[in-house]
Amino acid sequence: MYTIISKTTVAPSTVMIHVQAPWVARKAQPGQFVIVRYGVEGERIPLSLSGWDREAGTLRLIIQGVGATTKQMIALKEGDSFTDLVGPLGQRSHLPDDGTLVVIGGGYGTGAVMPTAREAKAKGRRVVGIIGARSKDLVLLEDEMRSVCDEVFVTTNDGSHGMPGMVTDALKIIMAREKVGAVLAIGPVPMMRAVSDMTKPTAIPTLVSLNAIMVDGTGMCGGCRVIVGGETKFACYDGPDFDGHKVDYDVLVLRQQMYKPMEAQALDHECNIVKAMP
Ligand SMILES: Cc1cc2nc3c(=O)[nH]c(=O)nc-3n(C[C@H](O)[C@H](O)[C@H](O)COP(=O)(O)OP(=O)(O)OC[C@H]3O[C@@H](n4cnc5c(N)ncnc54)[C@H](O)[C@@H]3O)c2cc1C
Ligand code: FES
């Protein structure tokens, strides 16, 4: 059973949970994700691994309630269990080893970049973190980011915490003063696109994690097709990390919007279920 052993609200509609999954914790690598389902008729959704404890046999997940399934999941309590949990899925992150590593997180992406930042720091690399959010209450995991980075910038769109502006404003400062060897950016598509546009002219290797809609998560169904460097790739199997300079973001956004009417219908239906949950 994939029991939730702890749950903490880390921002509005966003929870951090630790879940028992010893076999997955044993194999987990930075950049990988799991697919979880709650309830026999529940939807399977991909969630990034934001940490794991191999000895305790637990995974750490950050879940943002954006639609029917994630809203249902953030309403779960300690002691509840996921019906199934598959993973670790996808390829581990591979980044060049020299120069400063800049990790950039927006939303749940701040949790998703954490394993890579932690690993790089443990190897003695200089790591600079950037956390981006619309406002102060949406800034996630700032203390933890400070503990795994040499320096951290926080940017908020409304200026309520850290630097006013976007993650790219902080990236610009870092790029102007030191040799950046690689960038890892995980968050909303516009953020990953803007970061990639900024690093492309100077060819700084930039990885982004593509949140394509997924079904099986094993490369069998084709649901997560993305175009990278003119080729069709499966985000679940070939990724989720890809070279941000080669991603066709327009196709990604179009495919993400394919199920909007069904998602709205499911949300309407599921809100009533969440309200009725004990
Ligand atoms: C590799 C990967 C890692 C992810 N990691 C996290 C994470 O750590 N934490 C987190 O909160 N979210 C994560 N997501 C996004 C999360 O899977 C979606 O928010 C979730 O599936 C939405 O389901 P829903 O029913 O709540 O919302 P819906 O109403 O179904 O959708 C809301 C939006 O989420 C996207 N979405 C819908 N279904 C899927 C799907 N099956 N796969 C991917 N995106 C979808 C669509 O763009 C849609 O507009 C990740 C996605 C991917 C692909
Ligand atoms: S989710 Fe089915 S191929 Fe990727």
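Contact here means heavy atoms within 4.5 Å, the sense in which a helix is said to lie across strands in the legends below. All views show a predicted model.

**Figure 1. Helix H5 lies across five strands, S9, S10, S11, S12 and S13.** Helix H5 is formed by residues 167–177 and runs at about 160 degrees to S10. Strand S11 covers residues 151–156. Helix H3, made of residues 109–122, also lies across several strands, namely S9 (100–106), S10 (127–133) and S13 (180–186). The angle between H3 and S9 is about 160 degrees.

**Figure 2. Seven strands make up an open sheet with mixed pairing.** The order of the strands is S12-S11-S10-S9-S13-S14-S17. Strand S12 (163–164) and strand S17 (241–243) form the edges, and each of them pairs on one side only. Strands of a sheet pair through backbone hydrogen bonds, either parallel or antiparallel. Strand S14, residues 206–209, runs antiparallel to S17 and is joined to S17 by three bridges. Within this pair, Val208 of the chain stands opposite Phe242 in S17.

**Figure 3. An open sheet of three strands has the order S4-S3-S8.** The pairing in this sheet is antiparallel. Strand S4 (45–48) and strand S8 (84–89) are the edge strands; each has a single partner strand, so one side of each has no neighbour in the sheet. On average, neighbouring strands of the sheet are turned by 25 degrees against each other, direction ignored. Four bridges connect S4 with strand S3 (residues 33–37) in the antiparallel sense. Val36 is found opposite Ile45 in S4.

**Figure 4. Thr69 of helix H2 is in contact with Glu43 and Ile45, its neighbours within four places in sequence being left aside.** Helix H2 comprises residues 68–74, and Thr69 lies in this helix. The relative accessibility of Thr69 is 11%, under the 20% limit, and the residue therefore counts as buried. Ile45, one of the two contact residues, is also the residue of S4 that stands opposite Val36.

**Figure 5. The loop between S10 and helix H4 holds Arg134 and Leu141.** Helix H4 spans residues 142–148. Is Arg134 buried or exposed? With 58% relative accessibility, Arg134 counts as exposed. Neighbours within four places in sequence left aside, Arg134 is in contact with Thr156, Asn157 and Asp158. The C-alpha atom of Arg134 is separated by 32 Å from that of Gln20, a residue 114 places away along the chain. Leu141, in contrast to the exposed Arg134, is buried, with a relative accessible area of 12%. Leu141 is a residue other than glycine with a positive phi, near 55 degrees.

**Figure 6. Ser13 has a positive phi although it is not a glycine.** The phi value of Ser13 is about 60 degrees. This residue belongs to the loop between strand S1 (2–11) and strand S2 (14–20). Its relative accessible area is 41%, and Ser13 is accordingly classed as partly exposed.

**Figure 7. Two peptide bonds that precede prolines, Gly87 to Pro88 and Gly239 to Pro240, are cis.** For the bond from Gly87 to Pro88, omega is near -5 degrees. Pro88 is located in strand S8, which is an edge strand of the sheet shown in Figure 3. For the bond from Gly239 to Pro240, omega is near 15 degrees. Pro240 is located in the loop between strand S16 (231–234) and S17.

**Figure 8. Helix H7 has buried residues along one face.** The helix consists of residues 249–256, and Tyr249, Leu252, Arg255 and Gln256 are buried in it. Seen down the axis of H7, these buried residues fall within an arc of 130 degrees, which means that they line one face of the helix. An α-helix has 3.6 residues a turn, so residues three or four places apart point the same way. At the start of H7, a side-chain oxygen of Asp248 comes to within 3.2 Å of the backbone nitrogen of Asp250.

**Figure 9. Cys149 and Cys236 are both buried.** Cys149 has 8% relative accessibility and counts as buried. Cys236 has a relative accessible area of 2% and is likewise buried. A disulfide is a covalent bond between the sulfur atoms of two cysteines. How many disulfides does a search of the whole structure find? The search finds zero.

Notes:
Residues numbered from 1 in each chain as written. Chains lettered and ligands numbered in written order. Predicted model: local features only at pLDDT ≥ 70, side-chain atom pairs only at ≥ 80, totals over all residues. Heavy atoms only, no water. Pairing = 2+ DSSP bridges. Axes fitted to C-alpha atoms, helices over the stretch in contact; angles between N-to-C directions. Buried < 20%, exposed > 50% of the residue type's maximum accessible area, 1.4 Å probe, protein only. Disulfide = S-S within 2.5 Å. Arc of directions from axis to C-beta. Polar contact = N/O pair within 3.5 Å; in protein donor to acceptor, adjacent residues only side chain to side chain.
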